[in-house]
Amino acid sequence: MYELEMLMGPKANVDELRKGVEAAARAYIRERRKMRRRKPGAMEYRRLSALSAKLEPVLVDLARVQDSPNCSGKLADALEMQARSADPSAAGIANLIEGAFGPGDPVGHIAAFLDLLQKAAAQTVALGENDTPSSYYRADLDRWSQRPKKTESQPIAALARAFRPYWERNAMRPFNAGRYDPATKQNKATAVDVIHLIGQKLDPDLTRARVVTVMRVI
């Protein structure tokens with residue numbers, strides 16, 4: 001962050017830059033995740049609709065547990081004990097809940113997250129009035145066939161676009177690729193240096209030349 005602030009100049013607001021880095025990183029990761037998708041499978045609708053349907057009774061059971069101070073208290077104690085030896089991801093989520101809300105009601109927060117998961121699964125496979133699982137699958141295939149060609153630079157382009165509003169509020173130089181400098185054999189542009197700095201935290205192999213190429217087209 002210190003290096004970023006120095007590159008941006010005296011107008012930079014550190015809190016704004018932190019938000020910009022987070023927005024840029026999220027955009028990069030979402031684009032990378034999107035690029036990993038494969039051709040839609042015929043079982044996708046069945047899997048997601050089954051997940052949505054199975055979570056509904058789980059939420060009902062959790063609500064019943066929440067209604068009983070004895071049940072919810074015992075379950076909270078067990079969760080705290082199990083988290084110590086759990087998978088790092090599960091333990092990390094348990095620690096986040098306790099850190100954010102305290103040790104009082106972890107079951108309620110887990111139930112709220114499962115409710116979010118259930119709604120997300122239901123939304124993903126929501127059918128229109130005249131739709132069927134088959135038409136859902138065909139529409140998915142149509143979207144897949146019309147997708148733009150994948151390029152290695154897509155995540156960096158997404159990162160740069162997400163960071164651009166923060167640049168424009170905090171920097172005094174243009175957001176562009178700059179001009180080629182024969183002395184250094186590189187384009188001189190602070191915006192390129194900033195995007196390269198952020199991008200290398202996500203992809204250590206990212207070259208400055210690739211950032212220049214991206215900045216020329218966005």
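Here is a quick tour of the chain, from its overall build down to one helix at its far end.

What you're looking at is a predicted model. The chain holds 10 helices and 2 strands. Walk along from the N terminus and you pass eight helices in a row, then the two strands, then two more helices: α-α-α-α-α-α-α-α-β-β-α-α. The chain is more spread out than a compact globule, because its radius of gyration is 23 Å, well over the 17 Å that the globule rule gives for 218 residues. Its C-alpha trace spans about 70 × 45 × 30 Å along the principal axes.

How much of the chain is buried? Buried residues account for 32% of the 218 residues. As for the outside, the accessible surface comes to about 14,700 Å², and carbon and sulfur atoms make up 54% of that. Contacts reach across the sequence too: take those between residues at least 6 apart, and 67% of them join residues at least 24 apart.

On the charge side, there are 35 positive and 26 negative side chains, with the centres of the two sets 9 Å apart.

Now for a closer look at helix α10, which covers residues 208-217. Its buried residues are R208, R210, V211, V212, V214 and M215. Which elements do they pack against? The partners are α8, β2 and α9, set out here with their residue ranges.

| Partner of α10's buried residues | Residues |
|---|---|
| α8 | 154-170 |
| β2 | 186-188 |
| α9 | 190-202 |

So much for the helix; as a general point, residues three or four places apart in an α-helix point the same way, because there are 3.6 residues a turn.

Methods: Residues are numbered from 1 along each chain as its sequence is written. This is a predicted model: local features need pLDDT of at least 70, side-chain atom pairs count only at pLDDT 80 or more; totals for chains, interfaces and linings use all residues. Side-chain values use heavy atoms; hydrogens and water are left out. Helices (H or I, at least four residues) and strands (E, at least two) are DSSP runs, numbered from the N terminus. The radius of gyration is taken over C-alpha atoms; the globule rule is 2.2 Å times the number of residues to the power 0.38. Buried means under 20% relative accessible area, exposed over 50%, partly exposed in between (1.4 Å probe, protein chains only). Contact means heavy atoms within 4.5 Å. Accessible areas come from the Shrake-Rupley method with a 1.4 Å probe; for residues, only the protein chains shown count as cover. Lys and Arg count as positive and Asp and Glu as negative; His and the chain ends are not counted. The place of a charge is taken as NZ of Lys, CZ of Arg, CG of Asp or CD of Glu.
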